[in-house]
Amino acid sequence: HARNIKRGRGAGLQVRRTTDPDACQEHARLVRASMIRRESRGDVVPRDIDVRTYLALTQSGAGNLFQAILAGEVVSSALILLAERGAYYQSAGTSSEGMACGASHFLVYATADALRQQSLELFNLGGADRFIPGLERFKTGFGATKVELEEAEFFLGSKLRRNLGTAASLLHRNRSRFLAQVLGRYERFVS
């Protein structure tokens, strides 16, 4: 991480802190770029990147955008939610140009420094699980303390709708496993 931070400095990256609505558009663009990159590596990523969420959080005062700028272009962006004693890394994205110059590492480091100067005590980098090892490595590489969290997931629709959703998801992620599951169930009913 230190090498990437140094590379970002050397490239001349500048950081701005903003709540400007146009910056929210840039943030959404960069989050989409990151999601496309992660999906191409096989990660399951959210499809819906809605700029309205970023606008609501920044315009209400709940968060600020920290953005790394290279030659006048935003190459990395992070939405940071703010509280009295700490901050939360809500979402982030980086362009391929930003990846090449270490912008995401540089931006997290610069953001942490700005929050420290503001006398905040905690900077929560958010969740990352074992199914997304690259994101987990990125976050733990800053010396973050890993905190195991409990979680629960509930589906509030009908059983048929849940099963159709599960089938569609499996078909999308792993077609051969989907076919094995369907054919295996078919054989049980025929025998």
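Leu79 stands opposite Ser91 in β4. That pairing is a good place to enter this structure. The model is predicted: local features need pLDDT of at least 70, side-chain atom pairs count only at pLDDT 80 or more, and totals for chains, interfaces and linings use all residues. Residues are numbered from 1 along each chain as its sequence is written, and side-chain values use heavy atoms, with hydrogens and water left out.

Start with the two strands around that pairing. Strand β3 covers residues 73-82 and strand β4 covers residues 86-94. Strands here are DSSP runs of E with at least two residues, helices are runs of H or I with at least four, and both are numbered from the N terminus. β3 and β4 run antiparallel and are joined by 7 bridges. Two strands count as paired if DSSP finds at least two bridges between them. Ala78 also has a partner across the gap, standing opposite Ala92 in β4. The two strands form a hairpin, with 3 residues between them.

Now step to the other side of β3. β2 and β3 pair in the antiparallel sense, over 8 bridges. Ala68 stands opposite Ser76 in β3. These strands form a hairpin too, with 2 residues between them. Ala71 sits in that turn and has a positive phi of about 50 degrees. One strand further on, 5 bridges join β1 to β2, and the two run antiparallel. Here Arg17 has Phe66 of β2 as its bridge partner.

Put the strands together. The sheet is open and has 5 strands, in the order β1-β2-β3-β4-β5, with mixed pairing. β1 (14-18) and β5 (122-124) stand at the edges with a single partner strand each, so one side of each is left without a neighbour in the sheet. From one strand to the next, the twist averages 25 degrees. As a general point, strands of a sheet pair through backbone hydrogen bonds, either parallel or antiparallel.

How much of the middle of this sheet is covered? In β3, 7 of the 10 residues are buried, and the strand is mostly covered. β2 is mostly covered as well, with 7 of its 8 residues buried. Buried means under 20% relative accessible area, exposed means over 50%, and partly exposed lies in between (1.4 Å probe, protein chains only).

Helices lie across the strands. Helix α3 (residues 51-59) lies across β2 (63-70), β3 and β4. Its direction is about 60 degrees from that of β3. Helix α5 (residues 103-117) lies across β1, β2, β3, β4 and β5. The angle between α5 and β3 is about 40 degrees. The axes are lines fitted to C-alpha atoms, for helices over the stretch in contact, and angles run from 0 to 180 degrees between N-to-C directions. Contact means heavy atoms within 4.5 Å.

Next come the side chains. How many aromatic pairs does a search of the whole structure find? It finds 1. Tyr89 and Phe123 form this pair, 6.3 Å centre to centre, with 75 degrees between the planes, which makes it edge-to-face. Rings of Phe, Tyr and Trp (its six-membered ring) pair if their centres lie within 6.5 Å; planes under 30 degrees apart count as stacked, over 60 as edge-to-face and the rest as tilted. Tyr89 lies in strand β4 and Phe123 in strand β5, so the pair ties together parts that are 34 residues apart in sequence. Tyr89 is buried, at 10% relative accessibility. Phe123 is partly exposed, at 23%.

Charged pairs complete the tour. The whole structure holds 4 salt bridges. Each is a side-chain nitrogen of Lys or Arg within 4 Å of a carboxyl oxygen of Asp or Glu. One of them joins Glu26 and Arg29, at 2.7 Å from N to O. Both residues lie in helix α2 (residues 21-40), 3 residues apart, about one turn of the helix. Glu26 is partly exposed at 26% relative accessibility, and Arg29 is partly exposed at 33%.

Another salt bridge joins Arg52 and Asp50, at 2.8 Å from N to O. Arg52 is exposed, at 60%. Asp50 is partly exposed, at 21%.

Glu121 and Arg85 form a salt bridge as well, with their closest N and O atoms 3.2 Å apart. This pair links distant parts of the chain, 36 residues apart. Glu121 is in the loop between α5 and β5, and Arg85 is in the loop between β3 and β4. Glu121 counts as exposed at 54%, while Arg85 is partly exposed at 48%.
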